[in-house]
Amino acid sequence: MARFTLPRDLYHGKGALEQLKTLKGKRAIICVGGGSMKRFGFLDRAKQYLQEAGMEVEVFEGIESDPSVETVMKGAEVMQKFQPDWIVAIGGGSPIDAAKAMWIKYEYPDCTFEDMCKVFGIPELRKKAHFCAISSTSGTATEVTAFSIITDYAKGTKYPIADFEITPDIAIVDPELAETMPKKLVAHTGMDAITHAIEAYVSTAHSDYADALAIHAIEMIQADLIPSYNEDMAARDRMHNAQCLAGMAFSNALLGIVHSMAHKTGAAFDDFGAHIIHGAANAMYLPKVIAFNAKDPEAKKRYGVIADYMHLGGANDDEKVQLLIKELRRMNDELNIPHCIKNYGADSYPTGQGFVPEEVFLERLPGIAERAIGDACTGSNPRQPSQEEMEKLLKCCYYDLDVDF
Ligand SMILES: NC(=O)c1ccc[n+]([C@@H]2O[C@H](COP(=O)([O-])OP(=O)(O)OC[C@H]3O[C@@H](n4cnc5c(N)ncnc54)[C@H](O)[C@@H]3O)[C@@H](O)[C@H]2O)c1
Ligand SMILES: [Zn+2]
């Protein structure tokens, strides 16, 4: 038996934001990030639509990128005072994820962050509020997923909260919101989306339902991501749907160790002045993980199917895997994303010596590898890495070495 869960309603296409007018309730809290939604007028519009729906509206602003446990607790306190019956999260993955975790704490004030991180262990929500998610980036698809990623900065690591309870009730996928994304954000979030689709397709929890969504997402992202990056707005609009399809797939089929590694390296070198941005980390690690996973015969076959849908050619599955790796690296080049941590600059662009010093990386490697193995995404990866293999894999991701083990 397996379960497949999505939001009850999904509104898509230009103008979908206006559907906020149809929500029924007394009080809505809007959770939003650092300013882009305000600057481009989407926050005011959302507020106005909710007021037109007859609701009292409060705004919780300033949710940072890669949101912290502290922000979650602060937001939950505001909710406790305001008692919303709708939580409306608008923006990229960060504010939506933070709002999901606030929702848990609001419904269960005694729930600690550790409690939230117990995979598929969240008690029943919706006793106090329903949740509407409106995405403004084309990558995380958190508007349709059962996940929320919160960073514990004291530990320098990201924790996924995973439970169908936090799958939003309503998702609004309005491409107008994605049109204001700067190029770099398009690149990173787009490679995050293709990683979701590929990891979901080869996951041990894959299903006929998720496969269809993942494959179509892969085809769309291959066609539309680079044009979207180069400011083709029709392609940008299609990418907003494509990333959402990828999200529907991985929310149900789960992910793999590309994400485990991205979660555990993202904030691991913050003391050197930068983050390894989630999408960029995935983009760098994905080709390495494909080579590693392809040692599993079933995964190899499934990568071959992906390569076929991408029209990459290849006479057999070994060749197809190599061509898939080559195609993903080509996409990284077009999107100005480096191939390895060593060349990852503090601004995320390729550079000779990146912001993570070699000796620091090597010193922290065993701990990072151990935490990556323990990440919630590792269980559904088609090949289970040992500590030694995970360390070797991460080294390949640092130095851009071929994976031959
Ligand atoms: N919940 C999930 O299923 C899931 C999946 C993958 C990643 N994540 C998490 O999501 C977070 C990353 O989210 P993200 O990549 O969407 O970025 P983000 O939400 O962190 O936003 C990045 C920056 O882009 C700006 N921005 C957002 N939308 C914009 C727009 N339309 N125009 C201009 N600027 C805009 C924001 O203000 C912010 O400064 C990470 O914490 C990651 O771990 C979650
Ligand atoms: Zn991701």
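Is Gly-279 buried or exposed, and how many other C-beta atoms lie within 10 Å of it? Gly-279 is buried, because 28 other C-beta atoms lie within 10 Å, and a residue counts as buried from 20 upwards. The legends below describe this residue and other parts of a predicted model.

**Figure 1. The surroundings of Gly-279 in helix α11.** Gly-279 is found in α11. Not counting residues up to four places away in sequence, Gly-279 touches Gly-139, His-188, Thr-189, Met-191 and Asp-192. The view also takes in Thr-140, which is 139 residues away from Gly-279 along the chain. In space, the C-alpha atoms of Gly-279 and Thr-140 are separated by 8.8 Å.

**Figure 2. The whole chain, for orientation.** The chain has 15 helices and 8 strands. Its C-alpha atoms fill a box of roughly 60 × 45 × 40 Å, taken along the principal axes. For 405 residues, a compact globule would have a radius of gyration near 22 Å, and the 20 Å of this chain agrees with that. Of the 405 residues, 54% count as buried. Among contacts between residues at least 6 apart in sequence, 76% join residues at least 24 apart.

**Figure 3. The contact between domain 1 and domain 2.** The chain is divided into domain 1, residues 9-178, and domain 2, residues 183-399. The centres of the two domains, taken over C-alpha atoms, are separated by 25 Å. Domain 1 puts 24 residues into the contact, and domain 2 puts in 29 residues. On the side of domain 1 that touches domain 2, the elements giving two or more residues are β6, β7 (157-162) and α6. The largest share of that side comes from β7, with 4 residues. By class, the residues of this side of domain 1 divide into 11 nonpolar, 10 polar and 3 charged.

**Figure 4. The shell of residues around ligand 1.** There are 30 residues around ligand 1, and those that come nearest are Ser-36, Gly-92, Gly-93, Ser-94 and Thr-137. Elements that give two or more residues to this shell are α4 (93-107), β6 (147-152), α6 (175-178), α7 (183-202) and α11 (278-293). The shell has 7 nonpolar, 19 polar and 4 charged residues. Where does ligand 1 lie with respect to domain 1 and domain 2? Both domains give residues to the shell, so ligand 1 lies between them.

**Figure 5. The largest nonpolar core.** This core has 135 residues. Those with the most contacts inside it are Cys-31, Val-88, Ala-197, Ala-214, Ala-217 and Ala-249. Helix α7 gives the most to this core, with 11 residues. Domain 1 and domain 2 both give residues to the core, so it lies between them. Ala-249 can serve as an example of the packing. Not counting residues up to four places away in sequence, Ala-249 touches His-196, Ala-197, Ala-200, Ala-210, Leu-213, Ala-214 and Ala-217.

**Figure 6. Helix α10 and the elements packed against it.** Helix α10 spans residues 257-266 and is mostly covered, with 10 of its 10 residues buried. The buried residues of α10 include Ile-257, Val-258 and Met-261. Also among them are His-259, His-263 and Lys-264. The buried residues of α10 pack against β7, α7, α11, α14 (358-374) and α15 (387-399).

**Figure 7. Two loop residues with positive phi, Phe-120 and Leu-254.** Phe-120 has a phi near 50 degrees, a positive value in a residue other than glycine. Phe-120 lies in the loop between α5 (113-116) and β5 (130-135). Leu-254 has a positive phi of about 70 degrees, and Leu-254 is not a glycine either. Leu-254 lies in the loop between α9 (233-253) and α10. Which of the words buried and exposed fits Phe-120, and which fits Leu-254? Phe-120 is exposed, because 11 other C-beta atoms lie within 10 Å, and a count of 12 or fewer is the cut-off for exposed residues. Leu-254 is buried, because 23 other C-beta atoms lie within 10 Å.

Terms used
Residues numbered from 1 in each chain as written. Chains lettered and ligands numbered in written order. Predicted model: local features only at pLDDT ≥ 70, side-chain atom pairs only at ≥ 80, totals over all residues. Rg over C-alpha atoms; globule rule 2.2 N^0.38 Å. Contact = placed C-beta atoms within 7 Å. Near = placed C-beta within 6 Å. Nonpolar A, V, L, I, M, F, W, Y, C, P; charged D, E, K, R; others polar. Domains from an automatic or database assignment. Core = buried A, V, L, I, M, F, W, Y, C linked by C-beta atoms within 7 Å.
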